[in-house]
Amino acid sequence: MKHAVFLPACLLALVLTACGAAAPADSAMPAATATPEESTPAAAAPAAPYSDLRYLPWLDGCAKQTYQPGEYSLADLYTYTYNTGTVFAGAEDEAAALLEACKDPGLGVRSLQARGITGKGVNVAIIDQPLLTDHPELAGRIAAYCDTGCEGQTTSMHGPAVASLLAGKTIGVAPDVSIYYAAWPSWLEDSRYAADALDWVLEQNDTLPEGEKIRVVSVSASPSFADTFQNVDLWNAAVARAEEAGVLVLTAEGAGTARYRLMPYPAILDPADRDTPAACRTGFPTGDEFPELAKNALALPCTYRTVAEEYTAGQYSYTHCGQGGISWGIPYCAGVMALGWQADPTLTGEEIMRYLLRSAATGTDGSRIIDPVQFIEMVEAKRDAR
């Protein structure tokens, strides 16, 4: 695998600085002689809140793996993005416990799962970067896999993360769904590949009997965004075909071609009250907010989550995300939709979106926050009233 394509920006910057060529010495100037005070190394400042501290083994020698006391803040541990390979000396147990706790989808999802509402019997699709399908979080969940042209790349950071957020055994909102997974090379910035992926999903759907059709496609990207991607017309045409076939397509720009129907936004889980939607707010913990939300905005939890990670076949790991973007919210929403379709398979995509918006909680900033428990209660009430 070519790892460099998927490096986090902060680690790529680290490579370019710490591993770059040393600047040539100025031969005209003699080297200064340091005094004992000047030669004493200064105490390292702890990593700033919301730092990316993931350890990736192929960056050994450039990326740091072990952080000693004083190089991190225990109080800020929940804000760091770190993975199984990161070592916080003296706080190993706390880091492991936090990583485990943040596998919980929050917002009452596990109470629904305890009732048997797990997405069982529902087929969904994901269009995203490639992944290896053997991670224990996804064992038995991938019904079919298609590579639309990923140039030999077999995995990524993004693919395992979104799949685990939707259907991971211990992470996912809907751990019993079946996933039709289409990998597309989003880094090529060409929506032709995404369109091919969606057409493959529709081909798979044509082979499925009534009652087992793919209900929603989770796309943690914006293939219709012409400022970034080429051939957006091919993508938009594929989405129109999907909608005509009754398949809901949820992207970072909204649901389907009529994007005003449901507009996703990132939300922040309250670390001290993960199960209460009203304790959430829209935006990012570093300060970015959305003061003017679309009429049909729905905020989805993206921050303080743990996701699956697998860069090398058979080497399974996890990442705790101290801050997540809207990419993490799309599979969360698709998973909640799958729970709704399990409760009432007769629902249309339009009804699913309408119930999600009507059942949403009001967050601390007045925004509309997805409320899985209230959503399922509304679905069941409407079903039982028929």
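How many cavities of 30 Å³ or more does a search of the whole structure find? The search finds one, and the tour will stop there. Keep in mind as you click around that this is a predicted model.

**Start with the whole chain**

Show the protein chain as a cartoon. Its secondary structure comes to ten helices and 16 strands. The chain has 386 residues, and 53% of them count as buried. Now think about contacts with a separation of 6 or more: in this chain, 73% of them are accounted for by residues 24 or more positions apart.

**Stop 1: the cavity**

Select Arg-54, Met-157, Ala-161, Val-307, Ala-308, Glu-309, Tyr-311, Thr-319, Cys-321 and Trp-328, which line the largest cavity. The volume of this cavity is about 50 Å³. Colour the lining by class and you should get seven nonpolar residues, one polar residue and two charged ones.

Which strands each supply at least two residues of the lining? They are strand E13 (305-312) and strand E14 (315-321). E13 provides the largest share, with four residues.

**Stop 2: the sheet beside the lining strands**

Keep E13 and E14 on screen and add strand E2 (82-83). These three strands form an open sheet in the order E2-E14-E13, and the pairing is antiparallel. E2 and E13 are the edge strands, each pairing on one side only. Between E13 and E14 there are six bridges, in the antiparallel sense. To see one bridge, pick Ala-308, one of the lining residues of the cavity; its bridge partner in E14 is Tyr-318.

**Stop 3: the six-stranded sheet**

Next, find another open sheet, with six strands in the order E5-E6-E4-E7-E8-E9 and mixed pairing. At its edges are strand E5 (142-147) and strand E9 (254-255), each of which pairs on one side only. Strands of a sheet pair through backbone hydrogen bonds, either parallel or antiparallel.

Zoom in on strand E4 (residues 123-128), which pairs with E7 in the parallel sense over five bridges. Here Asn-123 stands opposite Ile-214 in E7. Moving across, strand E7 (residues 214-219) is joined to E8 by three bridges, and these two strands run parallel as well. Select Val-216 and look for its bridge partner in E8, Leu-248.

Now turn on the side chains of strand E8 (residues 248-251). In a regular strand the side chains alternate between the two faces of the sheet. In E8, Leu-248 and Leu-250 point one way, while Val-249 and Thr-251 point the other way. Are these four buried or exposed? All are buried.

**Stop 4: the nonpolar cores**

Select Phe-88, Met-337 and Leu-356, the residues with the most contacts inside the largest nonpolar core, which has 76 residues. Helix H8 (residues 326-343) gives the most to this core, with twelve residues. Apart from this core lies another, of 28 residues, among them Ile-127, Ala-195, Leu-202 and Ile-214. You have already met Ile-214, which sits opposite Asn-123.

Go back to Leu-356 and show what is around it. Leaving aside neighbours within four places in sequence, Leu-356 is in contact with Leu-262, Leu-298, Cys-333, Val-336, Met-337, Ile-370 and Phe-375.

**Stop 5: two residues with positive phi**

Most residues other than glycine have a negative phi, and most peptide bonds are trans. Leu-107 has a positive phi, near 55 degrees. Look for Leu-107 in the loop between helix H3 (92-101) and helix H4 (109-114). Why does Leu-107 count as buried? Because its relative accessibility is 1%, where buried means under 20%.

Glu-189 also has a positive phi near 55 degrees. This residue is found in the loop between strand E6 (178-183) and helix H6 (191-206). With a relative accessible area of 41%, Glu-189 is partly exposed.

**Last stop: from Glu-189 to Val-232**

Draw a distance from the C-alpha atom of Glu-189 to that of Val-232: they are separated by 10.0 Å, with the residues 43 apart along the chain. Val-232 is found in helix H7 (residues 232-244), and at 16% relative accessibility Val-232 counts as buried. Not counting residues up to four places away in sequence, Val-232 touches Ser-191, Pro-223, Ser-224, Phe-225 and Ala-226.

Notes
Residues are numbered from 1 along each chain as its sequence is written. This is a predicted model: local features need pLDDT of at least 70, side-chain atom pairs count only at pLDDT 80 or more; totals for chains, interfaces and linings use all residues. Side-chain values use heavy atoms; hydrogens and water are left out. On a 1 Å grid over the protein atoms alone, a cavity is a set of points where a 1.4 Å probe fits but cannot get out, and a pocket is an open set with protein on both sides within 12 Å along at least five of seven lines; lining residues have an atom within 4 Å of a point. Grid points are joined across faces, edges and corners, and a volume is the space filled by probe spheres set on the points. Ala, Val, Leu, Ile, Met, Phe, Trp, Tyr, Cys and Pro count as nonpolar, Asp, Glu, Lys and Arg as charged, and the others, Gly among them, as polar. A nonpolar core is a set of buried Ala, Val, Leu, Ile, Met, Phe, Trp, Tyr and Cys residues joined through side-chain atoms within 4.5 Å. Buried means under 20% relative accessible area, exposed over 50%, partly exposed in between (1.4 Å probe, protein chains only). Contact means heavy atoms within 4.5 Å. Two strands pair if DSSP finds at least two bridges between them.
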